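Visitor: I am new to this structure and would like a close look at a single part. Please take one sheet, go through its strands, and then place it in the rest of the protein.

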Amino acid sequence: MMTPPRRRFLVQSSSLVLLLTAPMIARGATLMSIRVWPAPEYTRLTLESDGPLSATHQVLSDPPRLVVDIQGLQLDNQLRDLAGKVKADDPFIKDVRVGQFKPDVVRLVIDLKQAVKPQVFSLLPVAAYQNRLVFDLYPAHSGDRLMAFMQQQEALDRERQLGAGSTAPPQTLAQAQPQQSDSLGDWIRQHRSELDSRQAGQPQQFARADAPPPAQRPDPVRRDRRNFRSVLLAIDPGHGGEDPGATGPSGVHEKDVVLLIARHLRDLAMSTPHMQVMMTRDSDYFVPLWTRVEKAQSANADLFTSIHADGWFTPEARGASVYCLSDGGASSVEARLMAQRENAADAIGGIDINSRSYQVAKVLLDMSTTAKINASLKMARPTLGKMGELVHLHSKQVQQAGFAVLKSPTIPSMLVETAFISNPEEEARLQTPAYRKQIARAIFEGLRAYLDTNPPLARRRILT
């Protein structure tokens, strides 16, 4: 039987526990950070907090807006300043209004520039992030982009016929749309007039980017030019947006330097006859691994190059490397660890694993073939050789591992580690334009060497 002193002790202890925990329960979560990532394809709004958040939302029209109620949150200065984080050129968000709707509910009213189809999901703590509540705003009426670009191209063709005799060269991708060069329309407009076959028995040669322009030929031979098989190169700058990639000792992010290298590579390829370029991203926003593969597949790209500048556990690691997909185990422990690190990008950047697109993507990423891997190795070897002529190599052999971003079913693909950003000397070098151009030149020379002996097969038409 419990004695009276014992009973009083238990009652007092229970009261003390309730007294100490009550403020914690009432407090709810505290916001740590708010981030807005605008991009041509979608805008992401992220609320990071020290505890999980739950929210309900509804889409309203006339005018278009998204109303979000977040439970367990108090209005603070970060929320009040949210409107200041929205850029004027954001393609989706016009303005944001916030208020304390209920004692424990904050309401966000997101005024929109166009109707959206939002994806709202939560992410558990990972890497440097705590709990995240994510709002991805996609266009509600994307329409048939291929058909729209076909109609636009037909209109351009009619204009050319009306203005016959004009020989002005078309603008390059960088000149025409410097901020939207990864648009699907850019590739389609530039490739629609090409035949999907090359002259039999005549391997296509690719001129140097710094070679003098070819002599002008008279108009009667313009039809012959259509027989040349143009090559579409998919350039994939790693990471982006919520996923910074590796970070150097002084705070330089991998996502920033690889984007600059990718732009140098794009410019080299775009200034070369019979080469065209698409980029999986051309600004600072997150692109899931499977979306990078899907973009290249949808564009019928001939080659895929993913550019990175990874970190390591110690600052001594240095040098460039080239990786391909493995149909078995990794070629080394280091390659396996690299693949694990890169494949974690989706968890860090944040994707909705319950979406149908993600489920379809998992099937797509399991369809790689041995023939495609062999073609990838043929592309990677001369690239590694050219890089070895210009920069220090971390590994003198092409490495293989299960990189998700290299799992295109049909496109020869490689991943280039341009340097170790975790090495202080290489981090400093990556910040210099000269070194970034040097790396881009080495990758380009390797791709050209591969194409000179392995011209691509006729690409299936995507505008039939």
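Guide: What follows starts with one open sheet and moves outward from there. The model is a predicted one. The protein has 464 residues, of which 46% are buried, and its chain forms 14 helices and 14 strands.

The sheet in question is built from four strands in the order β3-β4-β6-β5, and it is open, with antiparallel pairing. Its edges are β3 (54-60) and β5 (93-102), each of which pairs on one side only. With direction ignored, neighbouring strands of the sheet are turned against each other by 15° on average.

Strand β6 covers residues 105-112, and it pairs with β5 in the antiparallel sense over eight bridges. These two strands, β5 and β6, form a hairpin, with two residues between them. Beside that turn, Lys102 has Val105 of β6 as its bridge partner. Further along, Gly99 stands opposite Arg107 in β6. Arg107 also takes part in a contact of another kind: its charged end sits over the ring of Phe101, at 3.8 Å from the ring centre. A charge over a ring occurs elsewhere too, where the charged end of Arg429 is placed over the ring of Tyr435, 5.8 Å from the centre of that ring.

β6 is also joined to strand β4 (residues 65-71), by seven bridges, and these two strands run antiparallel. One of the pairings here sets Val67 against its bridge partner Val109 in β6. How is β6 placed with respect to the rest of the structure? Seven of its eight residues are buried, so the strand is largely enclosed by the rest of the structure.

The connection between β3 and β4 has a detail of its own. The loop between these strands holds Pro63, and the peptide bond leading from Asp62 to Pro63 is cis, with omega near 0°. Most peptide bonds are trans, and most residues other than glycine have a negative phi.

Two histidines depart from that second tendency. His239, in the loop between β9 (231-237) and α7 (254-270), has a positive phi near 60°. With a relative accessible area of 7%, His239 is buried, because buried means under 20%. His274 is in the loop between α7 and β10, and its phi is positive as well, at about 70°. Its relative accessibility is 28%, so His274 counts as partly exposed.

From the nonpolar side chains, two cores can be described. In soluble globular proteins, nonpolar side chains tend to be buried together. The largest nonpolar core here has 70 residues, and Met387, Met414 and Ile443 have the most contacts inside it. Apart from neighbours within four places in sequence, Met387 touches Ala320, Val322, Leu393, Val416, Ile439, Ala442 and Ile443. There is also a second, separate core, with 25 residues, including Ala29, Leu73, Leu112 and Leu137.

Aromatic rings make further links. A pair of aromatic rings is described by the distance of the centres and the angle of the planes. The protein has four aromatic pairs, counting rings whose centres lie within 6.5 Å. In one of them, the rings of Tyr42 and Tyr285 have centres 6.4 Å apart and planes at 85°, so this pair is edge-to-face. Tyr42 belongs to the loop between β1 (31-37) and β2 (43-49), and Tyr285 to the loop between β10 (275-279) and α8 (289-298), so the pair ties together parts that are 243 residues apart in sequence. Both residues count as buried, Tyr42 at 5% relative accessibility and Tyr285 at 1%. Ring pairs also bring in Tyr138, which forms a cluster with Tyr42 and Tyr285.

The loop that holds Tyr285 leads to α8. Eight of the 10 residues of this helix are buried, so α8 is largely enclosed by the rest of the structure. Among its buried residues are Leu289, Trp290, Arg292 and Lys295. After α8 comes Asn300, with a positive phi near 55°.

A last figure covers contacts across the whole protein. Of those between residues at least 6 apart in sequence, 76% join residues at least 24 apart.

Notes
Residues are numbered from 1 along each chain as its sequence is written. This is a predicted model: local features need pLDDT of at least 70, side-chain atom pairs count only at pLDDT 80 or more; totals for chains, interfaces and linings use all residues. Side-chain values use heavy atoms; hydrogens and water are left out. Rings of Phe, Tyr and Trp (its six-membered ring) pair if their centres lie within 6.5 Å; planes under 30 degrees apart count as stacked, over 60 as edge-to-face and the rest as tilted. Buried means under 20% relative accessible area, exposed over 50%, partly exposed in between (1.4 Å probe, protein chains only). A charge sits over a ring if NZ of Lys or CZ of Arg is within 6 Å of the ring centre and within 35 degrees of the ring normal. Two strands pair if DSSP finds at least two bridges between them. Axes are lines fitted to C-alpha atoms, for helices over the stretch in contact, and angles run from 0 to 180 degrees between N-to-C directions. A nonpolar core is a set of buried Ala, Val, Leu, Ile, Met, Phe, Trp, Tyr and Cys residues joined through side-chain atoms within 4.5 Å. Contact means heavy atoms within 4.5 Å.
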